[in-house]
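I opened this notebook to record what I looked up, entry by entry. The sequence and the structure come before the notes.

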Amino acid sequence: MPLSPEVAALVRHFSLTPLPAEGTLFAGTYRSPTSFADGSPHGTAMIGLYCEDPPSHSRFHRLPVDEVWHFYGGDPLRLILLHPDGSSEDV
């Protein structure tokens, strides 16, 4: 099934490609030259396209840094925070 014209235009404009771990379309916009002791980058930024077609999702993952989400159109998503004590929180 072809992409909707709006999604296809965003993919072209931002040169989006599949995120290796999740498949969501993305484009990296910044990667810090500094790293944590484990080699993971100290700071990164990306554009992610989350939509129904192509199907998009974000898998559970742990981040050593803040993550910021911006919504520019469509429906909100469900973000689940898993806390160290085993509890969870929907935000």
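**Entry 1: the salt bridge.** I began with the term itself: a salt bridge is a side-chain nitrogen of Lys or Arg within 4 Å of a carboxyl oxygen of Asp or Glu. The model I searched is a predicted one. I found one salt bridge in the structure. Arg78 forms this salt bridge with Asp90, and the closest N and O atoms are 2.9 Å apart. The pair links distant parts of the chain, its two residues being twelve residues apart. I placed Arg78 in the loop between S3 and strand S4 (80-82), and Asp90 in strand S5 (residues 88-90).

I then asked whether each partner is buried or exposed. Arg78 has a relative accessible area of 61%, and exposed means over 50%, so Arg78 counts as exposed. Asp90, with a relative accessible area of 48%, is partly exposed.

**Entry 2: the sheet.** I next traced how the strands are arranged. Three strands form an open sheet in the order S1-S2-S3, with antiparallel pairing. Strand S1 (17-18) and strand S3 (44-49) stand at the edges with a single partner strand each, so one side of each has no neighbour in the sheet. I also looked up helix H1 (residues 5-14), which packs on the sheet and touches S2 and S3. The direction of H1 makes about 155° with that of S3.

**Entry 3: the strand pairs.** As background, I noted that strands of a sheet pair through backbone hydrogen bonds, either parallel or antiparallel. How many bridges join S1 and S2? I recorded two bridges between S1 and strand S2 (residues 25-31), in the antiparallel sense. For Thr17, the bridge partner in S2 is Phe26. The hairpin of S1 and S2 has six residues between the strands, and Gly23 in this hairpin takes a positive phi near 90°.

I turned to the other pair. S2 and S3 are joined over six bridges, again in the antiparallel sense. For Tyr30, I found the bridge partner Ala45 in S3.

**Entry 4: a surface patch.** Which residues make the nonpolar surface patch? I listed Met46, Tyr50, Phe71 and Leu77, which together make a patch of about 350 Å². Of these, I followed Met46 further: this residue lies in strand S3, one of the strands at the edges of the sheet. The relative accessibility of Met46 is 40%, so I entered Met46 as partly exposed.

Technical notes:
Residues numbered from 1 in each chain as written. Predicted model: local features only at pLDDT ≥ 70, side-chain atom pairs only at ≥ 80, totals over all residues. Heavy atoms only, no water. Pairing = 2+ DSSP bridges. Helix = DSSP H or I, 4+ residues; strand = E, 2+ residues; numbered from the N terminus. Contact = heavy atoms within 4.5 Å. Axes fitted to C-alpha atoms, helices over the stretch in contact; angles between N-to-C directions. Patch = residues over 30% accessible without salt bridge, like charges linked within 9 Å, V, L, I, M, F, W, Y side chains within 5 Å. Areas by Shrake-Rupley, 256 points an atom, 1.4 Å probe, with all protein chains shown as cover. Buried < 20%, exposed > 50% of the residue type's maximum accessible area, 1.4 Å probe, protein only.
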